[in-house]
Amino acid sequence: TSCTPFELMMGKILGIALVAALQIVIWAVLVIGASAFVMPLIAGADGMEAMTAAAQAASSTSEFSGLMLRFSDVSYLASLFLELLLYIVGGFLFYASMYAAIGSSVDTPQDAAQFNGIIMMPVIVAIMVIMSVMNDPNSDLVFWCSIIPFTSPIVMMARIPFGIPTWEIVVSLILLYISFILMTWVAARIFRVG
């Protein structure tokens with residue numbers, strides 16, 4: 001009773017988002033630790049050189065070998081997990097605020113279930129656009145889906161390994177977090193009325 005509806009919604013959403021963030025941090029520690037410490041111990045110095053040579057020989061293009069070397073680079077993996085953390089937390093916050101708005105506007109869970117399909121449609125579209133990312137990560141459709149907050153958490157994470165400009169990532173993240181704040185404000189307004 002002592003907090004505003006906006007503070008109540010923000011507290012609920014951020015509390016659950018911290019659980020998702022902790023899970024990603026655990027994954028990052030495990031993967032980066034394996035890349036930095038376990039793989040060199042298993043392969044040894046000669047084994048790492050052999051893996052690099054095998055990756056270069058496995059493909060006639062240098063793209064495959066570059067990709068293999070990039071995923072054995074600890075600093076690249078750390079930056080990838082940082083971006084993953086930002087997008088998963090931002091996407092979770094955005095979608096949780098939409099669900100909070102729906103939950104604030106209905107009286108029963110059955111009424112809320114009717115709106116679930118509307119919220120899930122952008123997620124389904126984003127998953128379908130990911131197939132286009134593999135063919136052309138810089139097409140207009142893929143670019144706009146990686147900027148629009150409804151699809152950006154999924155599509156942008158599929159684009160990042162292809163080496164996109166940093167400004168696209170920054171713009172996408174800014175729009176995602178601003179959209180989250182606006183949607184939480186809308187959810188709080190609906191909650192106050194309800």
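**Helix 6**

I started with helix 6 of this predicted model and looked up which of its residues are buried. Ser152, Pro153, Val155, Met156, Met157, Ala158 and Arg159 came back as buried. That is 7 of the 8 residues in the run 152-159, so I noted helix 6 as largely enclosed by the rest of the structure.

Next I asked myself which helices the buried residues of helix 6 pack against. I found helix 3 (74-105), helix 4 (109-135), helix 5 (140-147) and helix 7 (166-193) on the list.

**Serine 146**

From there I moved to serine 146, which I placed in helix 5. Buried or exposed, I wondered about serine 146? I read a relative accessibility of 0%, and since buried means under 20%, serine 146 counts as buried.

I then checked the contacts of serine 146, leaving out residues up to four places away in sequence. Ser152, Val155, Met156, Arg159 and Ser172 all turned up. Ser152, Val155, Met156 and Arg159 were already in my notes as buried residues of helix 6. I also found a polar contact of 2.8 Å between the side chains of serine 146 and arginine 159.

**The nonpolar cores**

I went on to the largest nonpolar core, which has 34 residues. Which of them touch the most other members? I got Tyr87, Ile160 and Ile169. I saw that helix 1, helix 3, helix 4, helix 6 and helix 7 each supply at least two residues of this core. Helix 3 gives the largest share, with 15 residues.

I picked isoleucine 160 for a closer look. Setting aside residues up to four places away in sequence, I have isoleucine 160 touching Leu80, Glu83, Tyr87 and Ile169. Two of these partners, Tyr87 and Ile169, are named with Ile160 among the best-connected core members.

Apart from this core I noted another one, of 7 residues, with Ala126, Val129, Val142 and Ala158 among them. Ala158 links this entry back to helix 6, where I had listed Ala158 as buried.

**The surface**

Turning outward, I looked for a nonpolar surface patch and found one of about 520 Å². I wrote down its makers as Tyr99, Met120, Met121, Ile124, Val125 and Met128. Which helix brings the largest share of the patch? I can answer helix 4, with 5 residues.

I checked methionine 128 by itself, and it lies in helix 4. I read 51% relative accessibility there, and as exposed means over 50%, methionine 128 counts as exposed.

**Valine 25**

I found valine 25 in helix 1, which runs over residues 5-58. At 40% relative accessibility, I logged valine 25 as partly exposed. How far apart are valine 25 and leucine 82 in sequence and in space? I have 57 residues along the chain and 8.8 Å from C-alpha to C-alpha.

**The whole chain**

I closed with the overall picture. I counted 7 helices and 0 strands, and I wrote the order along the sequence as α-α-α-α-α-α-α. Of the 194 residues in the protein chain, I have 37% as buried.

I also looked at contacts with a separation of 6 or more, and residues 24 or more positions apart account for 70% of them. For the outside, I noted about 11,400 Å² exposed by the protein chain, with carbon and sulfur atoms supplying 73% of that area.

Terms used: Residues numbered from 1 in each chain as written. Predicted model: local features only at pLDDT ≥ 70, side-chain atom pairs only at ≥ 80, totals over all residues. Heavy atoms only, no water. Buried < 20%, exposed > 50% of the residue type's maximum accessible area, 1.4 Å probe, protein only. Helix = DSSP H or I, 4+ residues; strand = E, 2+ residues; numbered from the N terminus. Contact = heavy atoms within 4.5 Å. Areas by Shrake-Rupley, 256 points an atom, 1.4 Å probe, with all protein chains shown as cover. Polar contact = N/O pair within 3.5 Å; in protein donor to acceptor, adjacent residues only side chain to side chain. Patch = residues over 30% accessible without salt bridge, like charges linked within 9 Å, V, L, I, M, F, W, Y side chains within 5 Å. Salt bridge = Lys/Arg side-chain N within 4 Å of Asp/Glu carboxyl O. Core = buried A, V, L, I, M, F, W, Y, C linked by side-chain atoms within 4.5 Å.
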